[in-house]
Structure formats: structure tokens, C-alpha cells
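Work through the exercises below with the sequence and the model side by side, trying each task before reading its solution.

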Amino acid sequence: MMDTLVVDGVLDSLEVIAKYILELAKTAELNTQKTYKLRLAVDELATNIIIYGYQETGKAGVIKIQAIITDQDVQVILEDTGPAFNPAENLERANSILNKSLEERPLGGLGIYLALEGVDHFAYERVGDYNRSLLTVNRQDHS
């Protein structure tokens, strides 16, 4: 397990988070594609936490990131104290957007969908005052 990263819930923290994820991917020996998808997913979630969980609510807070490397996979756990928000619920909205013609689609709303589609497993839970998102990427391709 890598050291836990705790950063302020501000946009300037995204660079620190990205470096942490890249170091994690290197340590876990993830290939370039898996590294990109994991970084994209974490970046998208962290950006949403910062903008919607903290900035728009006027609350200050932190993002806590833990990483666990097993023989099979890499798990990244993000925790924040923003309002309860389950990113998986956004997947249903994104599917309804994708079922519309290009002319009917609103701008935006697909970031989390695209990010979570790139990881092998996603889970969310509300624990007390915390949102906890778990992203899992398989270390090897399963054929």
C-alpha cells in the first residue's frame, strides 16, 4: 500500500493527485492504457469533488486518497466531506444522454461516465459524513 495522500479540495491539488496516480501506476507496473484510464477516472472524480462538493457549496475540505496494490489489481479510494453524491447515479443520466441524437444532447454531463467506463470496477458508499469512491483496475488483461 502506498502512503495516503491528503490534499486540500482546490483545483491546484489536481497536479499533486495526478503525480500520485502516475507513481502508483509505475509501482504497480500498469501499462500505458490502464495508467491513462485510471488517471482520467481519478482526475474526473477529484475535479467533481472540488467543484461541486466544495467550491459550489462554499465549503472547504480535503480529498483523501489511498492506493492498494494487490497481485491482481490496483484499488484507489477517494474520500471527501462534500454533500452525498454517488457518481454511479450519473451513469443512468449519461446513458439517457447517449441515447439522444447529437442535436438533442446537452453539453457536458459525460465526464464521469467516460471516466468510470475506463476502470474495471467502481463502487460508492456514504460513510458517516464522507463520500467514499473505490476505483479498481486489473493489473493484467484477462483473456
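**Exercise 1. Decide whether Thr-35 is buried or exposed, and place this residue in its element and its contacts.**

Step 1. Thr-35 has a relative accessible area of 14% and is therefore buried, where buried means under 20% relative accessible area, exposed over 50%, and partly exposed in between, with a 1.4 Å probe and protein chains only. Step 2. Thr-35 lies in helix H2; helices (H or I, at least four residues) and strands (E, at least two) are DSSP runs, numbered from the N terminus. Step 3. When residues up to four places away in sequence are not counted, Thr-35 touches Leu-22, Ala-25 and Leu-30, a contact being heavy atoms within 4.5 Å.

Before going on, note how the values arise. This is a predicted model, in which local features need pLDDT of at least 70 and side-chain atom pairs count only at pLDDT 80 or more, while totals for chains, interfaces and linings use all residues. Residues are numbered from 1 along each chain as its sequence is written, and side-chain values use heavy atoms, with hydrogens and water left out.

**Exercise 2. Describe how helix H1 packs against helix H2.**

Step 1. Helix H1 (residues 14-28) and helix H2 (residues 32-55) pack at an angle of about 150°, and their axes are 10 Å apart; the axes are lines fitted to C-alpha atoms, for helices over the stretch in contact, and angles run from 0 to 180 degrees between N-to-C directions. Step 2. H1 is therefore roughly antiparallel to H2, given that angles under 35 degrees count as roughly parallel, over 145 as roughly antiparallel, 65 to 115 as roughly perpendicular and the rest as oblique. Step 3. On the H1 side the contact includes Ile-17, Ile-21, Leu-22, Leu-24 and Ala-25, and on the H2 side the residues include Thr-35, Leu-38 and Val-42. Step 4. Sorted by class, this contact of H1 with H2 has 11 nonpolar, 2 polar and 2 charged residues, where Ala, Val, Leu, Ile, Met, Phe, Trp, Tyr, Cys and Pro count as nonpolar, Asp, Glu, Lys and Arg as charged, and the others, Gly among them, as polar.

**Exercise 3. Trace the surroundings of Ile-65 and Val-76, starting from the distance between their C-alpha atoms.**

Step 1. Ile-65 is in strand S2 (residues 62-69), and Val-76 is in strand S3 (residues 73-80). Step 2. Ile-65 is buried, with a relative accessible area of 0%, and Val-76 also counts as buried, at 0% relative accessibility. Step 3. The two residues are 11 residues apart along the chain, and their C-alpha atoms are separated by 6.8 Å. Step 4. Beyond four places in sequence, the residues that Ile-65 touches include Leu-5, Ile-17, Tyr-20 and Val-76, whereas the contacts of Val-76 include Ile-21, Leu-24, Leu-38, Val-42 and Leu-134.

**Exercise 4. Find which residues Tyr-130 contacts, leaving aside its neighbours within four places in sequence.**

Step 1. Tyr-130 belongs to strand S5 (residues 130-138) and is partly exposed, with a relative accessible area of 40%. Step 2. With those neighbours left aside, Tyr-130 is in contact with Glu-79, Asp-80, Thr-81 and Glu-125. Step 3. Tyr-130 and Glu-79 are 51 residues apart in sequence, yet 6.2 Å apart in space from C-alpha to C-alpha.
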